[in-house]
Amino acid sequence: MAICSAHTTTTSLHSPCTTTVSNAAGFRQRQVIFFTSSSNRRSCGGGGGGRRHHGGARTSCFQVSCSVDKPVVIGLAADSGCGKSTFMRRLTSVFGGAAVPPKGGNPDSNTLISDTTTVICLDDYHSLDRNGRKEYGVTALDPRANNFDLMYEQVKAIKDGQAVEKPIYNHVTGLLDPPELITPPKIFVIEGLHPMFDQRVRDLLDFSIYLDISDEVKFAWKIQRDMAERGHSLESIQASIEARKPDFDAYIDPQKQYADAVIEVLPTQLIPGDNEGKVLRVKLIMKEGVKFFNPVYLFDEGSSISWVPCGRKLTCSYPGIKFAYGPDTYFGKEVSVLEMDGQFDKLDELIYVESHLSNLSTKFYGEVTQQMLKHADFPGSNNGTGLFQTIIGLKIRDLYEQIVAERAGVPAEAAKV
Amino acid sequence: MASTVASLSIPATTFAAAAAGDVLPRRKAAATGRVWFPVARRGGGFAVRSTGPATPSNISDKLSESIKEAEETCADEKGTAECAAAWDNVEEISAAASHARDNLKENSDPLEKYCKENPETDECRIYDN
């Protein structure tokens, strides 16, 4: 048996690079195949053995000699129930093509794959399953319930262009299922509770985003999500938020200081005393000086601006729309902040706002509006959450293109010497 | 700055009319109207959520069980690690229930699903009267 003998395939991407893979054919296929003989797989250090966690040695048989095709890695952090899934769907849509779960794999897989992008959920790196957490009295927010060593090894391997066998945390059963094969995509997104918690993982990120949902809005969203569920009540929803809050404050919230972009979701200030969470004030906090990321601005870059687009040219319905833009500091760092309060009610409003924002990284006029309308059924499509998520999607696409261009440029330069 | 001033002077309706052709293949007469959100038009915005598919019973049972368990765990003393872990389980299963409902909703209507991917086709056109 040809254990670990080299088997060469060309990558699925359009580059001249080759990937040397020492495993059975089919490794580069998008379908996850678990029926290869275990001896063959273990020869590469990776086993399909279920709940064990494996070290990085599993990928030692892969040799990828290519720099252009190495994925750009994006981190998205947010609490459970704070709109990560919606954000992911908007992102992958901007990158082109719908993201779907791996075909033929575990139906409870948390992974989403599109032509360009693979999104993995970091819950898959839980070291304690539901029973384990109960036994030890730790929440999923607690770092002790997560295997950061494996997270780092696997994200690093993907970033280096190597496939990994990633565990699957099953959110229905609360158990760790047998792993699935993840091959390096063009854009690799890690979303979950702790993408910026461990410094080693954080350093692998080319761009990072934190969704910061205020307590009032979180409560309103969870009521909307859970009230119809049997057994849930206002009391149980509140109790759950309160019980998780100490761990959330200790382990999740501090990550926002590391994010390149923060989307902050707050109750509106347009309706005094409103805390229904239907009308929202949303801030897009963009770090200055991040390579390949040029913050969006309103009218005049670096100035402080307050703007009410509703007036003679544009009529808005109650409670109207208000924008603000300006420089600020966030955890001691220079940032630009764009804020939108209120919601879009008419097409005019959205396109009018888009036409007054600069540095959007759109490919054609009206692209933001087009994306928003394409997914008008997603939550937040008529307010700042949808707008800013879409803008971040465009920014990441731009960042990816710049990174690829730079990488393509470097070998060419080197060849000249 | 010059470009900003220039764009300011163009009437807003021009943008709307220009954009409507690109971004609203399914809605011919919507150029100056309200933003028509596809689902809202067919079922009424948030109402879709509550009248949408019910949570699969296996998840629903797990959820109500976990809530009961959390209430019992926290009955004596709130703020313990066990209490937090129990409510964290409730959150996790609630999120799983919500995802399961979303998946069911997405796959429940074949026409809706087809039209999402192919909004420009004839069978997916919606006409305003």
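## Aromatic pairs

Let's start with a ring: A:Phe197 comes out at 30% relative accessibility, so this residue counts as partly exposed. Keep in mind that this is a predicted model. A:Phe148, at 9% relative accessibility, counts as buried. How many aromatic pairs turn up over all chains? A search of the whole structure gives 7. In one of them, the ring centres of A:Phe148 and A:Phe197 are 5.2 Å apart and the planes make 25°, so this pair is stacked. The two rings come from distant parts of the chain, 49 residues apart: A:Phe148 belongs to helix H4 (residues 148–159) of chain A, while A:Phe197 is in the loop between S9 and helix H5 (199–202) of chain A.

A:Phe299 and A:Trp307 make an edge-to-face pair, with 5.1 Å centre to centre and 85° between the planes. Are these two residues, A:Phe299 and A:Trp307, buried or exposed? Both are buried. They also belong to one aromatic cluster, made up of A:Phe299, A:Trp307, A:Phe323 and A:Tyr352.

## Charges over rings

If you're after cation–ring geometry, here are two cases to look at. A:Arg202 has its charged end over the ring of A:Tyr258, at 3.6 Å from the ring centre. For A:Lys218, the charged end sits over the ring of A:Phe248, 3.7 Å from the centre of that ring.

## The sheet in chain A

Now for the strands. Chain A has an open sheet of 10 strands with mixed pairing, in the order S5-S6-S9-S4-S10-S11-S12-S16-S15-S14. Strand S5 (112–113) and strand S14 (305–307) of chain A are at the edges with a single partner strand each, so one side of each has no neighbour in the sheet. At the S5 edge, S5(A) runs antiparallel to strand S6 (residues 117–121) of chain A, and 2 bridges join them. A:Leu112 has A:Val119 in S6(A) as its bridge partner.

Helix H2 (residues 84–95) of chain A packs on this sheet. Which strands does H2 touch? The helix touches strand S4 (72–77), S6, strand S9 (187–192), strand S10 (207–213) and strand S11 (261–267) of chain A. The direction of H2 makes about 170° with that of S9(A).

## The S14 edge and its hairpin

Over at the other edge, S14(A) pairs with strand S15 (residues 321–330) of chain A in the antiparallel sense, over 3 bridges. Here A:Ser306 is opposite A:Ala324 in S15(A). S15(A) also pairs with strand S16 (residues 333–342) of chain A, again antiparallel, and this time over 10 bridges. A:Tyr330 is opposite A:Lys333 in S16(A). Together S15(A) and S16(A) form a hairpin with 2 residues between them, and A:Phe331 in the turn has a positive phi of about 50°.

## A buried acid in S16

A:Asp341 is in strand S16 of chain A. With a relative accessible area of 3%, A:Asp341 is buried; the cut-off for that is under 20%. What does A:Asp341 contact, leaving aside its neighbours within four places in sequence? The partners are A:Thr268, A:Gln269, A:Leu270, A:Leu280, A:Arg281, A:Gly320, A:Ile321 and A:Lys322. Take A:Leu270: A:Asp341 is 71 residues apart from A:Leu270 in sequence, but their C-alpha atoms are 7.2 Å apart in space.

## An enclosed helix

Helix H8 (residues 347–356) of chain A has 10 of its 10 residues buried, so H8 is largely enclosed by the rest of the structure. Among these buried residues are A:Asp348, A:Glu349, A:Glu354 and A:His356. A:Tyr352 is another buried residue of H8(A), and A:Tyr352 is also part of the aromatic cluster with A:Phe299, A:Trp307 and A:Phe323.

## The annotated stretch

The UniProt record (an unreviewed entry) places the feature "domain: Phosphoribulokinase/uridine kinase" at residues 73–271 of chain A. Over residues 73–271 the chain is 33% helix and 24% strand, with the end C-alpha atoms 40 Å apart.

## Chain B

And chain B? It holds 7 helices and 0 strands, so to speak a run of α-α-α-α-α-α-α from the N terminus on. Of the 129 residues in chain B, 36% are buried. Among the contacts in chain B between residues at least 6 apart in sequence, 53% join residues at least 24 apart.

Methods: Residues numbered from 1 in each chain as written. Chains lettered and ligands numbered in written order. Predicted model: local features only at pLDDT ≥ 70, side-chain atom pairs only at ≥ 80, totals over all residues. Heavy atoms only, no water. Pairing = 2+ DSSP bridges. Helix = DSSP H or I, 4+ residues; strand = E, 2+ residues; numbered from the N terminus. Contact = heavy atoms within 4.5 Å. Axes fitted to C-alpha atoms, helices over the stretch in contact; angles between N-to-C directions. Phe/Tyr/Trp six-rings, centres within 6.5 Å; stacked < 30°, edge-to-face > 60°. Buried < 20%, exposed > 50% of the residue type's maximum accessible area, 1.4 Å probe, protein only. Lys NZ or Arg CZ within 6 Å of the ring centre and 35° of its normal. UniProt positions renumbered as here; feature names shortened; annotations may be inferred.
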